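Here is a short walk through one protein model, from its overall make-up down to single residues. Keep the structure open beside you as you read.

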Amino acid sequence: DQVIFEGNLTVVSSHKIVIGSNTLLKDVVFIAPEIEIMDDVKGEFQCLATQSIQVGKQVELEYPSNLMLLESKENGSGGLLEIEEGSTIQGAVMILTEKEPRISKSSPQMRIKKNVKVEGIIYTPYRVTLSPHIQVNGSMYCKETELKTPSAVYTNHLLDCQITPSALNKAFISTHSSTNDKNQKMIKWLN
């Protein structure tokens, strides 16, 4: 049976949230330490986590969806935001931090697997690991990129990736990490 959650709903948990493919979601916000989006999920929703966000294969998140891993001074180090093969995200994929970002083995990690399409913004003050055949219609901001192949690991290399800011819809509005922006606009009104 399909489970439907629609409209101005916030789900907060102190434990992991798992979103299954039998769930239809629109205008829902999930807040938890860990969020897992299973394969083949379709919807329009926001995810805010402090430890991990894992997106399965062939997931389709419509605008204005957001995936945000939040690193605070209190929640320690580490964390993972990972998007599996063939998924499409329309919105923002972000790691935000209150700390002074330094790349190390304990830094939060963002991994984007092959054949993923992001229509919007990818942002991390750390490293993003990109597999081949990534398409970004929008912008990507990061400290550095990483490419892993069977024979080597390359820093600041891309392989068969397209990052095209001009392909982003002119009506796109993103989440801002600063409240000082005087040009803020409404993304979507929830009744």
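Let's begin with one aromatic residue. Phe30 has a relative accessible area of 6%, so Phe30 counts as buried. Please keep in mind that the model is a predicted one.

**The overall picture**

The protein has 14 strands and zero helices. Following the sequence, the pattern is therefore one of strands alone, β-β-β-β-β-β-β-β-β-β-β-β-β-β. Of the 191 residues in the protein, 40% are buried. The accessible surface comes to about 10600 Å², and carbon and sulfur atoms hold 48% of that area. Among contacts with a separation of 6 or more, 40% are between residues 24 or more positions apart.

**Aromatic pairs**

How many aromatic pairs does the count come to? The count comes to two. In one of them, the ring centres of Phe30 and Phe45 are 5.7 Å apart and the planes stand at 85 degrees, so this pair is edge-to-face. Phe30 belongs to strand 3 (residues 23-37) and Phe45 to strand 4 (residues 42-55), so the pair ties together parts that are 15 residues apart in sequence. Phe45 is buried, because its relative accessibility is 0%.

Tyr63 and Phe172 form a tilted pair, because their ring planes meet at 45 degrees, with centres 5.3 Å apart. This pair links distant parts of the chain: Tyr63 sits in strand 5 (residues 60-71), while Phe172 sits in the segment after strand 14 (162-163), 109 residues away.

The table brings together the accessibility of several residues named in this report.

| Residue | Relative accessible area | Class |
|---|---|---|
| Phe30 | 6% | buried |
| Phe45 | 0% | buried |
| Tyr63 | 28% | partly exposed |
| Phe172 | 17% | buried |
| Gln54 | 29% | partly exposed |
| Ser107 | 7% | buried |

**The nonpolar core**

The largest nonpolar core has 34 residues, and those with the most contacts inside it are Ile37, Phe45 and Leu67. Strand 3 gives the largest share of this core, with six residues. If you click on Leu67 and leave aside residues up to four places away in sequence, you will find that Leu67 touches a long list of residues, including Ile37, Cys47, Ile53, Val55, Leu81, Ile83 and Met94.

**Strand 6 and its neighbours**

Strand 6 (residues 80-83) is covered on both faces. Leu80 and Glu82 are buried on one side, and Leu81 and Ile83 are buried on the other. In a regular strand, side chains alternate between the two faces of the sheet.

Which way do strand 4 and strand 6 run, parallel or antiparallel? They run parallel and are joined by four bridges. Within this pairing, Ile53 has Leu81 as its bridge partner in strand 6. Strand 6 is also joined to strand 8 by four bridges, and these two strands run parallel. Here Leu80 stands opposite Gln109 in strand 8.

Gln54, which lies in strand 4, is a handy place to see this region from. Gln54 has a relative accessible area of 29%, so Gln54 is partly exposed. Leaving out residues up to four places away in sequence, Gln54 touches Ile35, Glu36, Ile37, Leu80 and Glu82. Gln54 and Ile35 are 19 residues apart in sequence, yet their C-alpha atoms are 6.4 Å apart in space.

Ser107 lies in the loop between strand 7 (88-97) and strand 8 (109-112). Why does Ser107 count as buried? Its relative accessibility is 7%, and buried means under 20%. Beyond residues up to four places away in sequence, Ser107 touches Gly78, Gly79, Arg102 and Tyr126.

**Strand 12 and its partners**

Strand 12 (residues 144-148) is largely enclosed by the rest of the structure, because four of its five residues are buried. Strand 10 (residues 127-130) and strand 12 run parallel, joined by three bridges. In this pairing, Arg127 has Glu144 of strand 12 as its bridge partner.

Strand 12 also pairs with strand 13 (residues 153-155), this time in the antiparallel sense, over three bridges. Lys148 is partnered there by Val153 of strand 13. Together, strand 12 and strand 13 form a hairpin, with four residues between them.

Notes:
Residues numbered from 1 in each chain as written. Predicted model: local features only at pLDDT ≥ 70, side-chain atom pairs only at ≥ 80, totals over all residues. Heavy atoms only, no water. Buried < 20%, exposed > 50% of the residue type's maximum accessible area, 1.4 Å probe, protein only. Contact = heavy atoms within 4.5 Å. Areas by Shrake-Rupley, 256 points an atom, 1.4 Å probe, with all protein chains shown as cover. Phe/Tyr/Trp six-rings, centres within 6.5 Å; stacked < 30°, edge-to-face > 60°. Core = buried A, V, L, I, M, F, W, Y, C linked by side-chain atoms within 4.5 Å. Pairing = 2+ DSSP bridges.
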